[in-house]
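Student: I have a model open and want to read its ligand site and its empty spaces. Where do we start?

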Amino acid sequence: MLSPSEKRDKIIRATDLDALSCRYSTNNKSYFQPADNYINKIIASYQNHLQFCKGYSQLSAGRTLRSVFNEQKLPLINRGTYLRTKVIDLVVEEFIKEFKQVQIISLGGGSDTRCFRVFEKYQENIKYIEFDFPESVKIKKLAIENDEELKKLIGDTAEAKEIGTKEEFVQLESELHTAKYHLIGFDLRELDQLNEDYIDKDTPTLILSECVLCYLTPKENEDIMSYWKNKLDKRCYLIYEPIFFRDTIGLNNVKLTDTSDIAGYSGSLSNKEWISTTELNRINRLELIDELEEIRLLFKHYCLCYGELHNFHFNGINKYKWMIE
Ligand SMILES: C[S@@+](CC[C@H](N)C(=O)[O-])C[C@H]1O[C@@H](n2cnc3c(N)ncnc32)[C@H](O)[C@@H]1O
């Protein structure tokens, strides 16, 4: 039996499956170009190992996976997933180009495949750290360690791991460390107990939070943001969340935009558009949407926010259009 707080955390962890199934659907509908071939590798790990996670049996894991991955996603979901992935990729890319040697920290990274795409393109000078709950991390770790391509990308030399029982899954360490990649099973609400050995305090750092903080209380969010503020001198935040912390955390150079504007639905044109008209036309043709007014309003609720701390400054962030800055 799960306690009420374990039940709540199980529901929060399951949001990773939602995010993964959205990316899966978006990829299948050809929004991502080139296609994201890493998504299926993580899904395979979920198919093999979700049954060993707390609160699941073989039967319930199979049922859960069938229901999330067989469900047809609305065009609105596919378009939104594409847009958020694309804009965060653009900022990450600019950040790497500007600072050359960087650290990227992904809070609640879940099954996100961005780290693999980054390492595919940049083999050197990037340190990528991902945090998520231990069980979610184990699923990703097993996806990596049982796949030669993923292992090579992150520079892992560990033997493939076969996990066949709940006990073996419980025993598996919820961490994976290589020279450039750190996958850490950790509850972000307990950051004061984090082993900081893997974090560079002086490297320019981009902290990503994509649909993660919204599952925590305002106090927990503030504690997480404050923790990073106090730990690193050179860093900025990029968050795709319906919240921001200009006053409580004391961020500089704060910028905000929404998915509606990024998608070109606001009607205001600029020479700093995130996505070219040709590309927007391509994705708009993939699935027809009748209710443009509805999508425009819904996308207004999904914000991309950016802020800097201390005296750190990232020029490349000005390359793109922000609604508020
Ligand atoms: C909606 S998913 C998003 C995953 C990923 N950022 C993405 O965009 O694909 C939210 C993720 O945040 C993680 N998460 C939420 N609260 C957390 C906490 N307190 N500690 C660690 N991870 C957490 C969940 O386990 C889940 O993987």
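Tutor: With a term. Helices (H or I, at least four residues) and strands (E, at least two) are DSSP runs, numbered from the N terminus. This is a predicted model: local features need pLDDT of at least 70, side-chain atom pairs count only at pLDDT 80 or more, and totals for chains, interfaces and linings use all residues. Residues are numbered from 1 along each chain as its sequence is written, and side-chain values use heavy atoms, with hydrogens and water left out.

Student: What separates a cavity from a pocket?

Tutor: Both are found on a 1 Å grid over the protein atoms alone. In a cavity, a 1.4 Å probe fits at the points but cannot get out. A pocket is an open set with protein on both sides within 12 Å along at least five of seven lines. Lining residues have an atom within 4 Å of a point. Grid points are joined across faces, edges and corners, and a volume is the space filled by probe spheres set on the points.

Student: How many cavities of 30 Å³ or more are there?

Tutor: One. The largest cavity holds about 100 Å³ of space. Its lining includes K10, R13, Y46, C53, E135 and I139. Helix α1 gives the largest share of that lining, four residues. Both α1 and α6 (134-145) supply at least two residues each.

Student: How do I read the chemistry of that lining?

Tutor: By class. Ala, Val, Leu, Ile, Met, Phe, Trp, Tyr, Cys and Pro count as nonpolar; Asp, Glu, Lys and Arg as charged; the others, Gly among them, as polar. The lining of the largest cavity has seven nonpolar, one polar and three charged residues.

Student: What is the volume of the largest pocket?

Tutor: About 890 Å³. It is lined by 45 residues, and A19, R84, E210, C211 and Y215 are the closest to its centre. Elements that give two or more residues to this lining include α4 (75-99), β1 (102-107) and β5 (205-210). The largest share, eight residues, comes from α1. By class, the lining of the largest pocket divides into 22 nonpolar, 12 polar and 11 charged residues.

Student: Where does the ligand sit?

Tutor: A molecule sits in a cavity or pocket if more than half of its atoms lie within 2 Å of its grid points. Here, the ligand sits in the largest pocket.

Student: Which residues surround the ligand most closely?

Tutor: A residue is near a molecule or strand if one of its heavy atoms lies within 4 Å of it. For the ligand, 22 residues form the surroundings, and R23, G108, D132, D187 and L188 are the closest. Helix α1 (residues 4-28) gives the most to this shell, with six residues. The shell has nine nonpolar, five polar and eight charged residues.

Student: Which polar contacts should I look at?

Tutor: A polar contact is a pair of N or O atoms within 3.5 Å; within protein, one must be able to donate a hydrogen and the other to accept it, and residues adjacent in sequence count only if both atoms are side-chain atoms. An oxygen atom of the ligand lies 2.6 Å from a polar side-chain atom of D132. The side chain of D187 has an N or O atom 2.9 Å from a ligand nitrogen. A polar backbone atom of E210 is 3.0 Å from a nitrogen atom of the ligand.

Student: How much of the ligand does the protein bury?

Tutor: Accessible areas come from the Shrake-Rupley method with a 1.4 Å probe; for residues, only the protein chains shown count as cover. Taken alone, the ligand exposes 590 Å², and the protein buries 99% of that.

Student: Which residues lie nearest the centre of the second largest pocket?

Tutor: Q33, P34, D89, E93 and R117, out of 26 lining residues. Its volume is about 620 Å³. Helix α4 gives the most to this lining, with nine residues.
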